[in-house]
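Me: I am new to this structure and would like to know how its helices are described. Please show it, and then I will ask about the terms.

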Amino acid sequence: MKKPELLAPAGDFEKLKTAIHYGADAVYLGDSRFSLRGKAGNFTGQELRDAVSYARERGIKAYVTVNIFPHNRDLAGIEGHLEMLKEVRPDAVILSDPGLCSLFRRKAPEIGVHVSTQANITNSEAALFWQDLGAERIVLSRELSVEEIGGIREKTKVELEVFVHGSICISYSGRCYISSFLASRSANTGECTNSCRWNYALMEEKRKGEYLPVYEDDRGTYLLSSKDLCMVEHLEELAGAGVDSFKIEGRMKGINYVAGVVKVYREAVDSIGGPHGPGRKERWLRELAMFSSRGYTTGMFFGRQPDEDYHFGEESYRMSHELVGVVAGIDGGVAEIALRNRLERGDPVEFLSPGLEEKCFAVGPMLDPEGADILSARNGEVVFIGVPPGVRKNDLVRRPKNFGEKEDRAAGTAK
Ligand code: SF4
């Protein structure tokens with residue numbers, strides 16, 4: 001069975017490097033002026049050129065999002081952007097507006113066109129429409145089942161991409177105005193405030209201003225908050241239905257998320273069609289639980305599951321581990337760690353390195369850049385510590401999140 005591409009988010013240069021380090025086949029990134037992630041890190045001008053070159057030099061494809069819904073006033077800026085992209089030559093642009101598709105096909109035919117999920121492609125006629133307009137790939141609507149995807153595959157030649165992991169909207173994909181109404185920040189221009197996940201109360205229409213609490217737990221209720229999508233256990237079904245590219249959501253998420261998700265999905269994609277060792281899928285799920293999520297669901301891929309609760313009824317994200325730092329260099333078993341968090345001698349740490357999954361190590365002697373023996377260091381500082389074989393430059397270092405009580409630290413309880 002053909003192995004689909006693994007496509008990762010690159011909200012800024014560091015996330016792009018992290019995604020490539022952990023095995024992405026392709027990355028997507030955007031200039032915030034024209035893409036639906038106004039708050040993701042900005043790639044503008046030279047940065048975008050550097051990012052695309054960085055990916056290309058490593059044989060990784062780079063797709064640039066131009067998926068806003070433009071008004072006439074936006075077109076001049078987009079034409080300027082198009083001229084710049086002609087020089088940068090990404091492998092494709094990701095867009096959702098038919099006018100922009102036509103513009104790019106006419107003026108930059110050398111750049112591929114991928115049609116964004118915001119175009120809400122839910123049937124084979126819509127897929128053929130975009131195929132006939134010259135699209136190389138379509139990102140299918142998140143409301144489709146695996147069976148429906150197979151039906152579209154049978155009638156089209158265009159490449160099919162689906163989201164396999166990350167946040168999902170509680171509303172119909174890409175057609176949401178909650179944030180626009182409540183916060184004057186439109187999801188359709190990339191400025192969603194995640195208003196669907198705010199805490200809501202009930203008001204009876206004749207008792208204005210009297211808010212009736214609705215309790216799911218002692219903090220309130222989160223009626224509109226969806227669990228996150230996770231299809232890591234079902235990639236073979238999607239590949240069998242004819243999907244060409246698996247997309248991970250999350251240009252706004254941190255490097256801890258990018259590294260952890262890409263690593264797990266790399267392994268899962270590589271194992272498509274091969275034998276599965278016992279307990280492998282369970283380990284993937286445990287690894288995915290180590291960083292921020294709202295709990296997981298398979299979304300609409302298998303239709304409405306009678307027993308499944310799609311709704312995440314908790315206030316805060318789940319996360320069992322926190323980022324400690326990044327391995328900036330390694331020499332003879334000693335790693336230079338660029339810290340993103342406080343670290344103390346004796347702390348338990350885990351290295352996000354193939355073969356070291358779920359192994360915890362206590363931090364031994366710790367040196368500062370001048371070679372002085374130190375007991376602790378803070379976010380932003382650099383330390384040198386001994387690391388086990390298998391740790392690579394650019395790997396992430398993490399720590400169980402609830403560790404940190406003074407007595408735990410003093411006892412150095414890590415194994
Ligand atoms: S408010 Fe919620 S449902 Fe609407 S676009 Fe934002 S995340 Fe999606």
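**Helix α3 and its neighbours**

Reply: In α3, residues L75, I78, E79, L82, L85 and K86 meet L100, L103, F104 and K107 of α4, where contact means heavy atoms within 4.5 Å. This is a predicted model, in which residues are numbered from 1 along each chain as its sequence is written, local features need pLDDT of at least 70, side-chain atom pairs count only at pLDDT 80 or more, and totals for chains, interfaces and linings use all residues. Side-chain values use heavy atoms, with hydrogens and water left out.

Me: What classes of residue make up the contact of α3 with α4?

Reply: There are 7 nonpolar, no polar and 3 charged residues. Ala, Val, Leu, Ile, Met, Phe, Trp, Tyr, Cys and Pro count as nonpolar, Asp, Glu, Lys and Arg as charged, and the others, Gly among them, as polar.

Me: How do the axes of α3 and α4 lie?

Reply: They come within 11 Å and cross at roughly 40°. That angle makes α3 oblique to α4. Angles under 35 degrees count as roughly parallel, over 145 as roughly antiparallel, 65 to 115 as roughly perpendicular and the rest as oblique. Axes are lines fitted to C-alpha atoms, for helices over the stretch in contact, and angles run from 0 to 180 degrees between N-to-C directions.

Me: Why are α2 and α3 called roughly parallel?

Reply: Their packing angle is about 30°, with the axes 10 Å apart. The pair is therefore roughly parallel. The contact uses L48, R49, V52 and R56 of α2 and H81, M84, L85, E87 and V88 of α3. By class, these divide into 5 nonpolar, 1 polar and 3 charged.

Me: How does the span of α3 fit the value expected for a helix?

Reply: Helix α3 (residues 72–88) has 17 residues and reaches 25 Å from its first C-alpha to its last, close to the 24 Å expected at 1.5 Å a residue. The expected span is 1.5 Å times one less than the number of residues. Just after α3, R89 takes a positive phi of about 55°.

Me: Which residues of α3 are buried?

Reply: They are I78, H81, L82, M84, L85 and V88. Buried means under 20% relative accessible area, exposed over 50%, partly exposed in between (1.4 Å probe, protein chains only). These residues pack against α2 (46–57), β3 (61–65), β4 (92–95) and α4 (98–107).

Me: Why does E161 count as buried?

Reply: E161, in strand β7 (residues 159–166), counts as buried because its relative accessibility is 1%.

Terms used. Helix = DSSP H or I, 4+ residues; strand = E, 2+ residues; numbered from the N terminus.
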